[in-house]
Amino acid sequence: MILSRGYVKIPAFLVFFFLGLSSWLFAEVGLEVRNTSYFSARDFKRIPEFFTGQEYEGSKVYCRSNQSERQGFYFVVKVNSSSTDLSVDAYWKLDLITSINPAAQSIKIPINNPKIFGKEIFIGLTGNDWPDPSAQVLAWRLSLLCTEGSIIAKKQSFLWSK
C-alpha cells in the first residue's frame, strides 16, 4: 500500500526478519580461550575407547600438531559464530614464547573436523612440539586462518601485545 507521501507500509514482522537475518549474515567469529594446560595421554581415555579402540571425542574436537600423539600442552577454545561449517582447508596458527625457549615460535595445526563452531576445541602442541611437561607458556597468539592465509579470528595473551 502506498501512502500519499511516497512511503511504503511494511509489515513489522518483515522488518524484524531482515534485522535478524542481517546480524546472522554479517556475524563475526569470536574465540573464547577457556583454559591452557598440560594434559597427559591418559587424560583423554574414555570408556568407549576400550571397546572400539578409537579415541572417543564426544562433543569435543581435537586438533593436534602431531596427530599420533595425545600428550602435550593444550589450548581449550570455544569458537563462537552463527556459521555452521568451516572451510575444509582452514587451520590454526599458534605463535608462542615458552619458559624453555625465549624466541617466538610459530606452529601450524590442522583442523580435521570443520564443524568446530559452538564446540569445545582442544588445540594441542603434541609430540616434539611440546617435549617438556614442566614448560610454561609465557605469551601466545592463536589465529584461525583459511587456506589463503586470511585471518578468520584471533585471540592473544596480554603479554603478546606488549
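Helices and strands are here DSSP runs, helices of at least four residues and strands of at least two, numbered from the N terminus. The model to which these exercises refer is a predicted one.

**Exercise 1. Place Lys 45 in the chain and state whether Lys 45 is buried, partly exposed or exposed.**

Step 1. The chain contains two helices and eight strands, and along the sequence these elements follow the pattern α-β-α-β-β-β-β-β-β-β.
Step 2. Lys 45 belongs to the loop that runs between β1 (30-39) and α2 (47-52).
Step 3. Buried requires under 20% relative accessible area and exposed over 50%; Lys 45, at 42% relative accessibility, therefore counts as partly exposed.
Step 4. Glu 55 is ten residues from Lys 45 in sequence, and the C-alpha to C-alpha distance between Lys 45 and Glu 55 is 7.3 Å.

**Exercise 2. Classify the ring pairs that Phe 122 forms with Phe 39 and with Phe 44, and say which parts of the chain each pair links.**

Step 1. Planes over 60 degrees apart count as edge-to-face.
Step 2. For Phe 39 and Phe 122 the centres are 5.8 Å apart with 65 degrees between the planes, and the pair is edge-to-face. Because Phe 39 lies in strand β1 and Phe 122 in strand β6, this pair ties together parts that are 83 residues apart in sequence.
Step 3. For Phe 44 and Phe 122 the centres are 6.2 Å apart and the planes stand at 80 degrees, so this pair is also edge-to-face. It links the loop between β1 and α2, where Phe 44 lies, to Phe 122 in strand β6, 78 residues away.
Step 4. Phe 44 is buried at 2% relative accessibility, and Phe 122 is buried at 7%.
Step 5. Phe 39, Phe 44 and Phe 122 form one aromatic cluster together with Tyr 62 and Tyr 74, while Arg 64 lies over the face of Phe 44, at 5.0 Å from the ring centre.

**Exercise 3. Describe the largest nonpolar core and the contacts of Ile 121.**

Step 1. The largest nonpolar core has 28 residues, and those with the most contacts inside it include Val 79, Trp 92 and Ile 116, as well as Ile 121.
Step 2. The elements that give two or more residues to this core are β2 (60-64), β3 (72-80), β4 (91-98), β5 (105-110), β6 (120-126) and β7 (137-145).
Step 3. A second, separate core has six residues, among them Phe 44, Tyr 74, Val 76 and Phe 122.
Step 4. With neighbours within four places in sequence left aside, Ile 121 is in contact with residues including Val 61, Cys 63, Phe 75 and Val 77.

Methods: Residues are numbered from 1 along each chain as its sequence is written. This is a predicted model: local features need pLDDT of at least 70, side-chain atom pairs count only at pLDDT 80 or more; totals for chains, interfaces and linings use all residues. Side-chain values use heavy atoms; hydrogens and water are left out. Buried means under 20% relative accessible area, exposed over 50%, partly exposed in between (1.4 Å probe, protein chains only). A nonpolar core is a set of buried Ala, Val, Leu, Ile, Met, Phe, Trp, Tyr and Cys residues joined through side-chain atoms within 4.5 Å. Contact means heavy atoms within 4.5 Å. Rings of Phe, Tyr and Trp (its six-membered ring) pair if their centres lie within 6.5 Å; planes under 30 degrees apart count as stacked, over 60 as edge-to-face and the rest as tilted. A charge sits over a ring if NZ of Lys or CZ of Arg is within 6 Å of the ring centre and within 35 degrees of the ring normal.
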